[in-house]
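Colleague: Got a minute to walk me through this model? I'd like to go from the sheet to the helix packing and then the cores.

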Amino acid sequence: MGVKILVVEDEEKLARFIELELRHEGYEVEKAFDGRAALDMAMANDYTLILLDIMLPGLNGLEVLRRLQMDKPTPVILLTARDAVMDKVSGLDAGAVDYITKPFAIEELLARIRVALKLHCKDASENDSNNVVNADNANSDINSNNTYSGGMSAGTAIDGAGATAGVGSTGINSNHVKRSVPGETYTWKALVLDVPRHKVTYNGKEIELTNREFLMLKTLLENMDIVLSRDTLLERVCGYEYVGETNVIDVYIRYLRTKIDEAYGVKMIQTVRGVGYVIKAN
Ligand code: CA
């Protein structure tokens with residue numbers, strides 16, 4: 001069975017645009033323009049993945065997601081407005097595997113879909129290799145005119161927090177990776193990383209981190225005592241087969257060290273020369 005994706009988006013032009021791009025990638029696509037229709041279709045069919053806009057007439061996307069989770073769990077990627085932080089948090093808590101912020105570049109959406117299929121859609125595994133091969137094509141189109149900007153400013157709104165919200169396997173130590181569940185916290189000495197509140201404190205004092213820094217720290221903490229390569233960190237933090245240099249990881253590590261190690265006189269993040277980084281429990 002091929003990959004079958006339900007696109008739920010009330011902006012019909014955007015829905016059609018996404019449909020065309022997905023079909024071009026070889027996916028089967030169906031569309032729904034409101035929440036009620038989406039729920040009916042999702043109940044009646046077996047979709048591999050659902051792209052679900054939050055702002056919908058009738059039932060909103062979060063309600064659709066909650067009902068689906070109860071009755072027919074299907075991996076969902078949410079489409080959210082740029083500043084709807086609460087929507088993202090509620091969406092991930094309600095079981096969405098990822099979200100993407102509008103306006104987005106189509107190749108980012110395609111990359112998120114590939115990751116979601118790989119991590120969350122068992123049925124899609126046989127299509128996996130095909131889709132990965134296509135990744136190069138998708139990426140080489142980045143600067144072409146296939147960016148949907150919905151009448152707003154064009155550009156990619158990559159938001160690190162969502163990219164790996166459903167952390168999954170990436171090779172070296174997938175067995176140790178836990179999915180975040182509401183209520184989950186990680187601690188290291190006096191440092192506490194509170195996943196549901198998206199908050200980090202040291203001795204009770206809050207440390208301001210960007211989404212990517214937070215994600216990086218969370219990834220290291222949930223893999224305590226395991227050395228993570230730059231490639232692995234990059235995939236977790238950037239959420240997909242990032243085409244840039246892995247030294248972007250060193251930059252985030254440096255920011256974290258400034259905000260935590262230097263600020264509190266500790267040595268939390270250790271460099272393993274030639275390999276990567278690790279946080280050790282002791
Ligand atoms: Ca909408």
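**Sheet, helices and cores**

Modeller: Sure: there's an open sheet of 3 strands, ordered β10-β12-β11 with antiparallel pairing. Strands pair if DSSP finds at least two bridges between them. Helices (H or I, at least four residues) and strands (E, at least two) are DSSP runs, numbered from the N terminus. Mind that this is a predicted model: local features need pLDDT of at least 70 and side-chain atom pairs count only at pLDDT 80 or more, while totals for chains, interfaces and linings use all residues. Residues are numbered from 1 along each chain as its sequence is written.

Colleague: Which are the edge strands?

Modeller: An edge strand pairs on one side only. That fits β10 (228-229) and β11 (269-272).

Colleague: And what is the bridge partner of leucine 228 in β12?

Modeller: β10 and β12 (residues 276-279) run antiparallel and are joined by 2 bridges. For leucine 228, the partner in β12 is tyrosine 277.

Colleague: Is glutamate 213 buried or exposed?

Modeller: Glutamate 213 sits in helix α8 (residues 211-222). The rule is that 20 or more other C-beta atoms within 10 Å make a residue buried, 12 or fewer exposed, and anything in between partly exposed, with C-beta atoms placed from the backbone. Glutamate 213 has 20 such neighbours, so the verdict is buried.

Colleague: How do α8 and α10 lie relative to each other, roughly parallel or roughly perpendicular?

Modeller: Helix α10 covers residues 247-264, and its axis is 10 Å from that of α8, at an angle of about 90 degrees. Axes are lines fitted to C-alpha atoms, for helices over the stretch in contact, and angles run from 0 to 180 degrees between N-to-C directions. Under 35 degrees is roughly parallel, over 145 roughly antiparallel, 65 to 115 roughly perpendicular and the rest oblique. So α8 and α10 are roughly perpendicular.

Colleague: Which residues is glutamate 213 in contact with, beyond four places in sequence?

Modeller: Contact here takes C-beta atoms, placed from the backbone, within 7 Å. Leaving aside neighbours within four places, glutamate 213 touches Tyr252, Tyr255 and Leu256.

Colleague: Last one: in the largest nonpolar core, which residues touch the most other members?

Modeller: A nonpolar core is a set of buried Ala, Val, Leu, Ile, Met, Phe, Trp, Tyr and Cys residues joined through C-beta atoms within 7 Å. The largest has 43 residues, and the ones touching the most other members are Ile5, Leu52 and Ile77.

Key:
Two residues are in contact if their C-beta atoms, placed from the backbone, lie within 7 Å.
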